[in-house]
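I opened this model to keep a short notebook on it. My entries follow, in the order I looked things up.

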Amino acid sequence: AIATLSMLRGVRDSERKLDAAQRIAHVGWWERDFVNRRVSLSDEAQRIFGVEPVDLPQWQDRWVNLIHPEDRARAAAAAAAALRGGPRYDVEYRVIRPDGMVRVVHSQGDMAWDESGQPARQFGVMQDITELRLAEEELRASEARFRTFVDHATDAFFLHDDDLLIVDVNRQAC
């Protein structure tokens, strides 16, 4: 009884750590069980989507409707290809949550097949990469501003290690 209690505590501790890791990294898991017609979402996946899971027939329509209209065809094509035995499900798309917030996710999943070659289940992970994409956009905008500044500058810039020398081409070094 003590060994069982100790193992149970260990399992609960592992589950608690996994939940915390998923929340911190914004990574959730999802599973589509085609045999029992169920979809399971981790707590973090539910937070990313802003939903509670539903039975598989309803989830497909709900999932598609949560995807940004411009990304729906690409996400649906990736899902359909995986179901046909094609490449691994691996797609990035925007989610429009029920509260109106837009999130960017990267999702990957693997198919499992039954003995007759029919899809039995699909298990995958998704990561909310919204902040990463926003940081990339900010970096591109900053680079564009800097490029515009350099392209239109009438002065010459010389960079050497940590020193910056600005030379006014009409006068002398500043």
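**Burial and surface.** I looked up burial and found that 27% of the 174 residues in the protein are buried. Buried here means under 20% relative accessible area, exposed means over 50%, and partly exposed is in between (1.4 Å probe, protein chains only). This is a predicted model, where local features need pLDDT of at least 70 and side-chain atom pairs count only at pLDDT 80 or more, while totals for chains, interfaces and linings use all residues. Residues are numbered from 1 along each chain as its sequence is written, and side-chain values use heavy atoms, with hydrogens and water left out. The protein exposes about 11,800 Å², an area from the Shrake-Rupley method with a 1.4 Å probe, in which only the protein chains shown count as cover for residues. Carbon and sulfur atoms supply 55% of that exposed area.

**Fold.** I noted five helices and seven strands. These are DSSP runs numbered from the N terminus: helices are H or I with at least four residues, strands E with at least two. From the N terminus on, I read the order as α-β-β-α-α-α-β-β-β-α-β-β. I then checked contacts, meaning heavy atoms within 4.5 Å. Among those between residues at least 6 apart in sequence, 38% join residues at least 24 apart.

**D128 and H26.** Which strand holds D128? I found D128 in β5, residues 119-128, and D128 is buried at 8% relative accessible area. Leaving out residues up to four places away in sequence, D128 touches H26, I48, R103, V104 and V105. I also noted that D128 and R47 are 81 residues apart in sequence, yet 9.8 Å apart in space, C-alpha to C-alpha. H26 is partly exposed, with a relative accessible area of 33%. With the same sequence neighbours left out, H26 touches E44, I48, M126, Q127 and D128. From H26 to A45 I read 8.2 Å, C-alpha to C-alpha, with their positions 19 residues apart in sequence.

**Salt bridges.** Side chains of opposite charge can pair when their charged atoms come close. My rule was a side-chain nitrogen of Lys or Arg within 4 Å of a carboxyl oxygen of Asp or Glu. By it I get 13 salt bridges.

- R103 pairs with E131 at 3.1 Å, N to O. R103 lies in strand β4 (residues 102-113) and E131 in helix α5 (residues 130-152), so this pair ties together parts that are 28 residues apart in sequence. R103 is buried at 13%, whereas E131 is partly exposed at 45%.
- R74 pairs with D71, the closest N and O atoms being 3.0 Å apart. D71 is buried at 5%, while R74 is partly exposed at 42%. I found both in a network of salt bridges linking E70, D71, R74 and R94.
- R97 and D99 meet at 3.1 Å, N to O. R97 is buried at 19%, and D99 is exposed at 51%.

**A charged patch.** Which residues gather in a patch of negative charge on the surface? I listed E15, D19, D43 and E52. Patch members have over 30% relative accessible area and no salt bridge, and like charges are joined within 9 Å. Asp and Glu count as negative, with the charge placed at CG of Asp or CD of Glu. I followed up D19, which sits in helix α1 (residues 2-25) and is partly exposed at 40%.

Notes
Patches are made of residues with over 30% relative accessible area and no salt bridge: like charges are joined within 9 Å, nonpolar side chains (Val, Leu, Ile, Met, Phe, Trp, Tyr) within 5 Å.
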